[in-house]
Amino acid sequence: MGGGGGGQLVSVNPEDLRFHVELDRQSYCDFKITNLSENYVAFKVKTTTPKKYFVRPNTGIIRPLDSCVIRVTLQAQKEFPPDMQCKDKFLLQSTVVPPNTELEELSPDTFNKDGGKVLEECKLKVVYISADATNANSADEGSGTSNSKQIPEGEAAVQRLINERDAAVRQTHQMQQELVIVKTILISYVIASFWH
């Protein structure tokens, strides 16, 4: 948000991008930009690691007192970062543009600081949360020992995938059995109605 000073163009909620990280799986986080002014405001989202994230929309124009939701997708990761710490950062730049400006009308230097242009900047931190830690924390809420007996991240992720696969296999078998029963009932019903 860039501090609560007066004359602020936009507010951002939340200011931390929290991703529930699971291996080999995309994860996303939404944040909302609200135009606090009576002007049309153009924005651009930049990141220190563009190959790792997919931001949509990464540029846009917000009408006066309107808002826009941005979705940031974290690409599937092969391994967890050490201690789940993330140094990636995002920068949201915003500036006033003439009323009814269309996105394609923005000039390439819209977000350059030169030329005496007022460019508001807001830094967004990235926070990684392991999906396992989320489950562990909700399991022993209030006990204060969420990290005491944690399985290493990789093993826990593999175990969870195995459990999900087994559950899916069981569900498929059950559905196949139910299908056989339904077919049998249907056939006997058709035969019975045929003879009447």
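Trainee: Why is Met-84 called buried in this model?

Mentor: The model is a predicted one, and in it Met-84 has a relative accessible area of 13%. Buried means under 20% relative accessible area, so Met-84, at 13%, is rightly called buried.

Trainee: Where is Met-84 found, and what is its phi?

Mentor: Met-84 belongs to the loop between E7 and strand E8 (89-97). Its phi is near 55°, which is a positive value in a residue other than glycine.

Trainee: Which residue in the loop between E2 and E3 has a positive phi although it is not a glycine?

Mentor: That residue is Asp-24, with a phi of about 55°. Asp-24 has its place in the loop between E2 and E3.

Trainee: How do you know that strand E3 and strand E7 pair?

Mentor: Two strands pair if DSSP finds at least two bridges between them. Strand E3 (residues 27-35) and strand E7 (residues 67-74) are joined over eight bridges, so the criterion is met and they count as paired. The sense of this pairing is antiparallel. Within it, Ile-33 stands opposite Cys-68 in E7.

Trainee: What is the order of the four strands in the open sheet, and why do E1 and E5 stand at the edges?

Mentor: The order is E1-E3-E7-E5, with antiparallel pairing. Strand E1 (10-13) and strand E5 (53-56) each have a single partner strand, so one side of each is left without a neighbour in the sheet. On average, neighbouring strands of this sheet are turned by 20° against each other, direction ignored.

Trainee: What makes the peptide bonds before Pro-14 and Pro-57 noteworthy?

Mentor: Each is cis: the bond from Asn-13 to Pro-14 has omega near -5°, and the bond from Arg-56 to Pro-57 has omega near -15°. Pro-14 lies in the loop between E1 and strand E2 (16-21), whereas Pro-57 is placed in the loop between E5 and strand E6 (59-62).

Trainee: What makes Ile-187, Ile-191, Phe-194 and Trp-195 a nonpolar surface patch?

Mentor: Membership requires over 30% relative accessible area, and nonpolar side chains are joined within 5 Å. Ile, Phe and Trp count among the nonpolar side chains, and these four residues make a patch of about 530 Å². The conclusion is therefore that each of the four has over 30% relative accessible area. One of them, Ile-187, is found in helix H2 (residues 153-195).

Key. Residues numbered from 1 in each chain as written. Predicted model: local features only at pLDDT ≥ 70, side-chain atom pairs only at ≥ 80, totals over all residues. Heavy atoms only, no water. Helix = DSSP H or I, 4+ residues; strand = E, 2+ residues; numbered from the N terminus. Axes fitted to C-alpha atoms, helices over the stretch in contact; angles between N-to-C directions. Patch = residues over 30% accessible without salt bridge, like charges linked within 9 Å, V, L, I, M, F, W, Y side chains within 5 Å. Areas by Shrake-Rupley, 256 points an atom, 1.4 Å probe, with all protein chains shown as cover. Salt bridge = Lys/Arg side-chain N within 4 Å of Asp/Glu carboxyl O. Buried < 20%, exposed > 50% of the residue type's maximum accessible area, 1.4 Å probe, protein only.
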